[in-house]
2 protein chains.
Amino acid sequence: MSIITIERKVLEKNDELARKNRELFARQKNFVINLVSSPGSGKTSLLEATLAKVKQRASVAVIEGDVQTDLDAQRVAKLDVPVVQIVTNGGCHLEAKLVHDALQSLDLSAVDLLVIENVGNLVCPANYDLGEALKVVVLSVTEGDDKPLKYPTMFRNASVVIVNKVDLLPYVNSNVETLKQNALSINPNLTVFEVSCRTGQGLDAWCDWLIEHSARKG
Amino acid sequence: MSIITIERKVLEKNDELARKNRELFARQKNFVINLVSSPGSGKTSLLEATLAKVKQRASVAVIEGDVQTDLDAQRVAKLDVPVVQIVTNGGCHLEAKLVHDALQSLDLSAVDLLVIENVGNLVCPANYDLGEALKVVVLSVTEGDDKPLKYPTMFRNASVVIVNKVDLLPYVNSNVETLKQNALSINPNLTVFEVSCRTGQGLDAWCDWLIEHSARKG
């Protein structure tokens with residue numbers, strides 16, 4: 001029982017810090033997304049393709065979360081976008097406090113869109129609010145169309161699903177319609193995009209959506 | 001500090017129960033593998049293909065670990081292999097206690113090879129000993145060749161890496177040699193198999209290795 005109490009306290013403390021992050025983002029008019037997925041579903045490749053398209057239309061910054069290495073931050077930095085790397089040293093998810101600390105290295109007053117790329121993990125990051133406007137789940141077709149049923153919390157807590165690597169559909173057993181039905185059975189409010197970072201398919205629709213949501217209101 | 005203490009106690013308690021599981025497996029002469037990977041790397045498909053090949057040569061049983069649903073156990077049961085499903089209800093890894101409880105539903109005296117398919121997660125299961133002989137990491141080529149560097153603990157604690165979905169190599173940016181070099185830089189003792197469950201490539205070598213290790217000594 002004591003462990004459950006500690007865990008609840010950890011989550012409560014995290015929620016409190018996430019609220020503060022969210023208030024800061026509101027004051028600075030930042031649109032913030034928390035990009036989550038399994039390892040290897042293509043979050044960083046999607047981010048690279050997205051940044052290349054949106055950075056002329058909006059001021060963007062990135063926070064990279066990884067268990068180990070700054071390989072992803074190096075990839076993003078090549079696109080001349082401000083990026084801060086968080087290494088969790090084995091930690092299986094980002095927390096609001098880590099994001100708060102990383103924010104000290106960014107000039108938020110100049111940012112329209114902040115992308116937080118979480119640790120590759122379809123389980124643990126689902127329960128940790130970072131103060132984001134919404135969670136975007138990336139799921140590649142190679143992972144199989146049953147994943148929303150098997151990892152429901154993430155899909156329940158997300159607002160957007162990006163079905164990635166659709167160029168590989170001819171070579172795998174996944175069915176995109178089944179995948180979408182499974183995702184919507186968990187959360188009927190999900191917005192779904194189908195994309196391929198290799199062919200560029202679907203990227204414009206996703207980037208337009210992102211720009212529309214990043215536009216500073218008032 | 002109190003949280004760290006609790007976590008250490010959780011791990012110590014788990015290690016103690018894992019030791020008991022290991023003693024039981026030794027008495028019953030069971031060869032036990034803990035199959036770990038990201039969601040969607042193909043653990044269950046690999047398991048289906050493996051069971052079809054080895055079940056005539058060894059007596060096999062399976063414990064399925066999932067965050068939610070018994071979809072995987074249903075797939076395995078179709079192969080007429082004894083299977084027990086553990087649903088963690090949001091838990092991000094299996095623990096020795098859950099495996100101990102599942103073992104009550106299996107006749108271990110009749111089992112040569114026990115496969116424990118862990119929750120899809122490349123982070124958390126790395127630190128939880130279940131009493132297995134060894135951990136087998138499945139990594140599909142679609143996940144990218146940098147994953148051993150980004151999730152090192154799992155590769156450090158594993159004995160075998162199965163590079164899966166090699167039939168997709170022509171369509172993705174991964175390089176198998178780079179992937180292997182990255183894995184071996186983390187853990188030079190890893191045994192590596194390259195397989196495709198779609199074409200059958202490499203499955204015989206993997207299954208022969210498994211049978212050889214499952215053979216009851218004395």
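**Cavities, interface and salt bridges of the two-chain model**

Within the largest cavity of this predicted model, α2(B) supplies the largest share of the lining, namely three residues. Two other elements of chain B, β1 (31-37) and α8 (203-214), likewise give at least two residues each to the lining, as does α2 (43-54). The lining consists of B:I33, B:L35, B:L46, B:L47, B:T50, B:V115, B:W206 and B:L210. By class, seven of these residues are nonpolar and one is polar, with no charged residue in the lining. The space in the largest cavity amounts to about 50 Å³.

In total, two cavities of 30 Å³ or more were found. The second largest encloses about 40 Å³ and is lined by residues of chain A: A:I33, A:L35, A:L46, A:L47, A:T50, A:V115, A:W206 and A:L210. At least two lining residues come from each of β1 (31-36), α2 (43-54) and α8 (203-214) of chain A. Of the elements of chain A, α2(A) contributes the most to this lining, with three residues. The lining of the second largest cavity comprises seven nonpolar residues and one polar residue, and charged residues are absent from it.

The interface between the two chains was examined next. The size of an interface is often given as the accessible area lost when the parts come together. For chain B and chain A, the buried area is about 2,900 Å², of which 62% lies on carbon and sulfur atoms. On the side of chain B, the residues that lose the most area to chain A are B:P39, B:K150 and B:Y171, which together account for 21% of what that side buries. The contact involves 38 residues from chain A and 38 residues from chain B.

Polar interactions across the interface include 13 residue pairs in polar contact, with both residues at pLDDT 80 or more. On the side of chain B that touches chain A, two or more residues are given by each of α1 (2-28), α3 (71-77) and α5 (147-150) of chain B. The greatest contribution to that side is made by α1(B), with four residues. In terms of residue class, the side of chain B that touches chain A contains 17 nonpolar, 11 polar and 10 charged residues.

Four salt bridges are counted between chain B and chain A. A salt bridge links B:D66 to A:K150, with a separation of 3.4 Å between the closest N and O atoms.

Over all chains, the structure holds 26 salt bridges. A further salt bridge is formed within chain A by A:R198 and A:D167, whose closest N and O atoms are 3.6 Å apart. A:R198 is located in the loop between β7 (191-194) and α8 of chain A, whereas A:D167 is located in the loop between β6 (160-164) and α7 (176-186) of chain A, so the pair ties together parts that are 31 residues apart in sequence.

Conventions
Residues are numbered from 1 along each chain as its sequence is written. Chains are lettered from A and ligands numbered from 1 in the order in which they are written. This is a predicted model: local features need pLDDT of at least 70, side-chain atom pairs count only at pLDDT 80 or more; totals for chains, interfaces and linings use all residues. Side-chain values use heavy atoms; hydrogens and water are left out. Contact means heavy atoms within 4.5 Å. Buried area is the accessible area (1.4 Å probe) that two parts lose on being put together, summed over both. A salt bridge is a side-chain nitrogen of Lys or Arg within 4 Å of a carboxyl oxygen of Asp or Glu. A polar contact is a pair of N or O atoms within 3.5 Å; within protein, one must be able to donate a hydrogen and the other to accept it, and residues adjacent in sequence count only if both atoms are side-chain atoms. Ala, Val, Leu, Ile, Met, Phe, Trp, Tyr, Cys and Pro count as nonpolar, Asp, Glu, Lys and Arg as charged, and the others, Gly among them, as polar. On a 1 Å grid over the protein atoms alone, a cavity is a set of points where a 1.4 Å probe fits but cannot get out, and a pocket is an open set with protein on both sides within 12 Å along at least five of seven lines; lining residues have an atom within 4 Å of a point. Grid points are joined across faces, edges and corners, and a volume is the space filled by probe spheres set on the points.
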